Amino acid sequence: MAKSIIITKHGGPEVLELKDINVGSPGPEEIKIKNLAIGLNFIDTYHRSGLYKLKLPSGIGMEGAGIIEEVGSSIKNFNRGDRVTYSQMPLGSYSDERIIPEKIAVKIPEGISDEIAASIMTKGLTSHYLLFKTYKAKAGELILFHAAAGGVGQVFCQWAKSIGCRVIGTVGSDSKIDVAKKNGCEFVINYNKEDFDKKVLEITDNKGVGVVYDGVGKKTFEKSINCLKPMGMMISFGNASGALDPIDVKKYIAHKSLFFTRPGLAHYGAGRAALEEGASALFEQIKFGRIKINIFKEYKLSEAKKAHEDLEGRKILGPAILIPNWIMKFISPCISICKSDPKTGFCYG
C-alpha cells in the first residue's frame, strides 16, 4: 500500500505519523499522482501545530511533483504519464500517491527537474504575487524583505533583483548573511544583533522604504512599521516567530497613513488563469537562470518529523524536499550495487 503522513491531533513534529493509505481512483475532474518529490514549506508547520486549524484526521503538505497514473473521465488537458506539479489545497502531498483536483496542477516544462518543481511552486508563486500583485515593486526601488536567506526569501530576492529592485534583506544569524547576498540582497542586516529599523533608516537617509515584506511575524512587526515611509505598505505573509497580536490601528497604521495587508496564495493564486500566469513566469525565470535553485537538503518521507524540527529550528537554508517512501524502498536494495534511476527503475552502472 501507499504511505502517507497523517496527523490525528495538532501539536509538535511528533504528531506526524507515517501510515498506510488506500488511494483509490480519481473522480471526473481529478487526477491520480505518483509523487516523485515533495515540497517542504513553513506553512506545513502551521497546519501541523494548529495555528491553521484542520479537520482531523488529515494529510499534510501542499506541494509536490509527480507523474500522472490515472485521469478522471472529464479530464482533457492532462494524460497518463504527464509530469505535473502542484502547490495548493487540498492538503496531502506528504504521500507516495494521491488524488488532486485537475485545477491545481500544471505541467512541468522540459529542462526543469521534478525535485526543483516540487521545491519551488509555493515559494515561487508566493514571490510572484508579492512582487507583482500585492505591491508592484519598481526598478531602482529600495524594498525590505525579512528572512532573506529562507526558502521564499532566496527566490523572492533573486526575482526582485532581476527586475531592478534594490533589496534590503534581514537574517537571523551571521551565517546567513552570505546566502542573502548571493541571492540578490544589496544590504543585509542581522536582526538579532542590530536594530534593523535604525539601519534601514540609515540606508534610506531617514526616508524609509515603501514596502516591507514580512514572513517572520511577531518578532519583526513593530520595527517593520518604523521602517516604512508615509503611505507605505506593510505586507505580513507569515508567522515564523509567532502570530501577530491584535493591531492597534491608531498606533501603528494611522500615524503614517500606512497600508496593512495579509495576503495569501489561496486568493492571489485562485483560478486557472492566475495559476498559469504565475507558474509560467516562474519557470521562465528558472530557465533563463535569473532564479537559481539549489536543493539544500533531501529527507525521506519517513523523516518528516526531523524535517519539521529542522524547519522550525531555522536549520534549513533554502529549498528542501521529502523523497516519497516508494522511491526509497526501491533504491535501498540497489544502491550498494548499481546506479539507478528511481523514476524508471533502470540500473545503468
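Mentor: A residue counts as buried under 20% relative accessible area, as exposed over 50% and as partly exposed in between, with a 1.4 Å probe and protein chains only. The model is a predicted one, in which local features need pLDDT of at least 70 and side-chain atom pairs pLDDT 80 or more, while totals for chains, interfaces and linings use all residues. Residues are numbered from 1 along each chain as its sequence is written, and side-chain values use heavy atoms, without hydrogens and water.

Trainee: How many salt bridges does a search of the whole structure find?
Mentor: Side chains of opposite charge can pair when their charged atoms come close. The cut-off for a salt bridge is a side-chain nitrogen of Lys or Arg within 4 Å of a carboxyl oxygen of Asp or Glu. Over the whole structure, the number of salt bridges is 17.

Trainee: Which residue in helix α2 is linked to Arg83 of strand β6?
Mentor: Helices (H or I, at least four residues) and strands (E, at least two) are DSSP runs, numbered from the N terminus. Arg83 makes a salt bridge with Asp114, at 2.8 Å from N to O. Arg83 lies in β6 (residues 83-86) and its partner in α2 (residues 114-134), 31 residues apart. The residue in α2 is Asp114.

Trainee: Is Asp114 buried or exposed?
Mentor: Its partner Arg83 has a relative accessible area of 23% and is partly exposed. For Asp114 the value is 3%, so Asp114 is buried.

Trainee: What is the relative accessible area of Arg166, in the salt bridge with Glu186?
Mentor: The closest N and O atoms of Glu186 and Arg166 are 2.9 Å apart. Glu186 sits in strand β11 (residues 185-190) and Arg166 in strand β10 (residues 166-171), with their positions 20 residues apart. Glu186 is partly exposed at 41%. Arg166 is also partly exposed, and its relative accessible area is 31%.

Trainee: Which helix holds Asp310, the partner of Lys297?
Mentor: Lys297 and Asp310 form a salt bridge, with 3.8 Å between the closest N and O atoms. Lys297 is in strand β15 (residues 297-300), and Asp310, 13 residues away, is in a helix spanning residues 304-312. Lys297 is partly exposed at 35%, whereas Asp310 is buried at 4%. The helix is α10.

Trainee: Which strands stand at the edges of the open sheet β2-β1-β4?
Mentor: Strands pair if DSSP finds at least two bridges between them. The three strands of this sheet pair antiparallel, and two bridges join β1 (residues 2-7) to β4. β2 (17-21) and β4 (58-59) each have a single partner strand, so one side of each lacks a neighbour in the sheet. The edge strands are β2 and β4.

Trainee: Within what arc do the buried residues of α5 fall?
Mentor: In α5 (residues 196-203), the buried residues are Phe196, Asp197, Val200 and Ile203. Lys198 and Glu202 are exposed on the other side of α5. The arc is taken from the directions from the helix axis to the C-beta atoms. The buried residues line one face of the helix because they fall within an arc of 125 degrees.

Trainee: Which side chain of opposite charge is nearest to buried Glu102?
Mentor: Lys and Arg count as positive and Asp and Glu as negative, with His and the chain ends not counted. Glu102, in the loop between β7 (97-101) and β8 (105-107), has no salt bridge. Contact means heavy atoms within 4.5 Å, and beyond its neighbours within four places in sequence, the contacts of Glu102 include Glu29, Lys76 and Phe78. The nearest side chain of opposite charge, 6.2 Å away, is Arg272.

Trainee: How many aromatic pairs does the count come to?
Mentor: Rings of Phe, Tyr and Trp (its six-membered ring) pair if their centres lie within 6.5 Å; planes under 30 degrees apart are stacked, over 60 edge-to-face and the rest tilted. The number of aromatic pairs is ten.

Trainee: What is the angle between the planes of Tyr46 and Tyr52?
Mentor: The two rings form an edge-to-face pair, 5.2 Å centre to centre. Tyr46 is buried at 7%, and Tyr52 is partly exposed at 29%. The angle between the planes is 70 degrees.

Trainee: How many residues apart are Tyr129 and Tyr268?
Mentor: Their rings are stacked, at 4.8 Å centre to centre and 5 degrees between the planes. Tyr129 is in α2 and Tyr268 in helix α8 (residues 265-268), and the separation along the chain is 139 residues.
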